[in-house]
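This report concerns the nonpolar packing of the structure shown below.

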Amino acid sequence: MLIDEFINSEKREQVKAGGNKKCFVFDEYVLLYGSFKEEELQQEMRIAKELQILGVPLIPTLEYRVVLPPNEIGYSRGYMLQQRAKGNSLYSLSMKENEYEQRLSEIVELGQEKIDKFVSDWMKIIEAGLQVDPSKAENFFYDNGNITFIDLNLRQVPVNFQYAFLEAAEVLMGLGLKSKKYSDKLCKIIKKVSRSFMKQGLPLKDISEIITTRWNYILNEAQIISIMQDLMVEQNDVKTPNNTPFDYLSKDGKTL
Ligand SMILES: Nc1ncnc2c1ncn2[C@@H]1O[C@H](COP(=O)(O)OP(=O)(O)O)[C@@H](O)[C@H]1O
Ligand SMILES: [Mg+2]
């Protein structure tokens with residue numbers, strides 16, 4: 001098996017340790033070492049491969065090897081082999097301010113269709129039963145205008161779509177990392193992500209609620225009004241798909 005060659009490789013060097021896993025980087029592949037429930041990992045691998053075939057840019061685990069058998073709560077330790085994601089982390093805590101500003105500028109320049117794709121990919125991942133961990137921008141890779149999802153897990157809890165909106169926008173803004181002095185750029189990103197979620201069928205009142213309660217420390221009143229006015233005008237032109245995640249995944253339109 002391919003994975004054994006990488007496990008035995010003399011050349012492996014650890015360049016990254018995430019919160020939980022160690023990551024050994026090779027030219028085309030990465031070898032991860034961490035803990036997992038074998039049955040869940042198998043399910044994750046199957047779903048991720050199906051999503052990849054559908055064109056969702058995520059990185060499935062190709063093979064795994066258990067090194068330490070399951071502990072009393074079912075977690076084994078071992079290796080996972082994945083294709084190496086192109087590019088580098090979307091944002092990271094270790095970024096210097098000028099690097100953050102540079103990446104933020106690239107994201108601001110992304111066309112609406114790129115943001116729409118990012119949001120619909122995210123929705124597809126959730127619908128398929130996986131979860132995106134948005135708490136670390138390292139779980140998203142950026143390469144030349146394209147965003148790839150890494151570090152996906154089997155979804156354990158219901159997803160609230162208002163929260164998905166909040167999280168998707170904050171991932172793209174790299175929020176929490178740097179200050180609100182980039183308000184103009186952040187405003188443009190929020191506007192585009194709001195549009196994408198409106199197209200996905202998230203009601204305008206939910207979008208408005210998040211913007212006014214969560215981002216009022218980044219945006220001033222004029223910016224908030226400008227976003228909401230634009231969305232209200234565009235609302236009539238937007239054709240939401242017949243089946244939005246909000247209809248067919250849940251009754252109240254919010255949780256999955
Ligand atoms: N497929 C991949 N391609 C490139 N880098 C990866 C890949 N998988 C993991 N990494 C790197 O290793 C780090 C840790 O892996 P991750 O799966 O996110 O584990 P953790 O559970 O520790 O967050 C990532 O943040 C990333 O820098
Ligand atoms: Mg991670």
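A nonpolar core is a set of buried Ala, Val, Leu, Ile, Met, Phe, Trp, Tyr and Cys residues joined through C-beta atoms within 7 Å. A residue is buried if 20 or more other C-beta atoms, placed from the backbone, lie within 10 Å of its own. The model is predicted: local features need pLDDT of at least 70, side-chain atom pairs count only at pLDDT 80 or more, and totals for chains, interfaces and linings use all residues. Residues are numbered from 1 along each chain as its sequence is written, with chains lettered from A and ligands numbered from 1 in the order in which they are written.

The largest nonpolar core holds 49 residues, of which Ile125, Phe165, Ala168, Ala169, Ile190 and Val193 touch the most other members. Among the elements that give two or more residues to this core are those tabulated here; helices (H or I, at least four residues) and strands (E, at least two) are DSSP runs, numbered from the N terminus.

| Element | Residues |
|---|---|
| Helix 2 | 38-53 |
| Helix 4 | 112-127 |
| Strand 8 | 140-143 |
| Helix 5 | 161-173 |
| Helix 6 | 183-199 |

Helix 5 gives the most to this core, with nine residues. Because 10 of its 13 residues are buried, helix 5 is largely enclosed by the rest of the structure; the buried residues include Phe161, Phe165, Glu170 and Met173. Gly174, with a positive phi near 60°, follows helix 5.

Ala169 touches Ile189, Ile190 and Val193, leaving aside residues up to four places away in sequence; contact requires C-beta atoms, placed from the backbone, within 7 Å. A second, separate core of seven residues includes Phe24, Leu31, Leu32 and Tyr79.

Note on methods. Buried ≥ 20, exposed ≤ 12 C-beta atoms within 10 Å, placed from the backbone. Contact = placed C-beta atoms within 7 Å.
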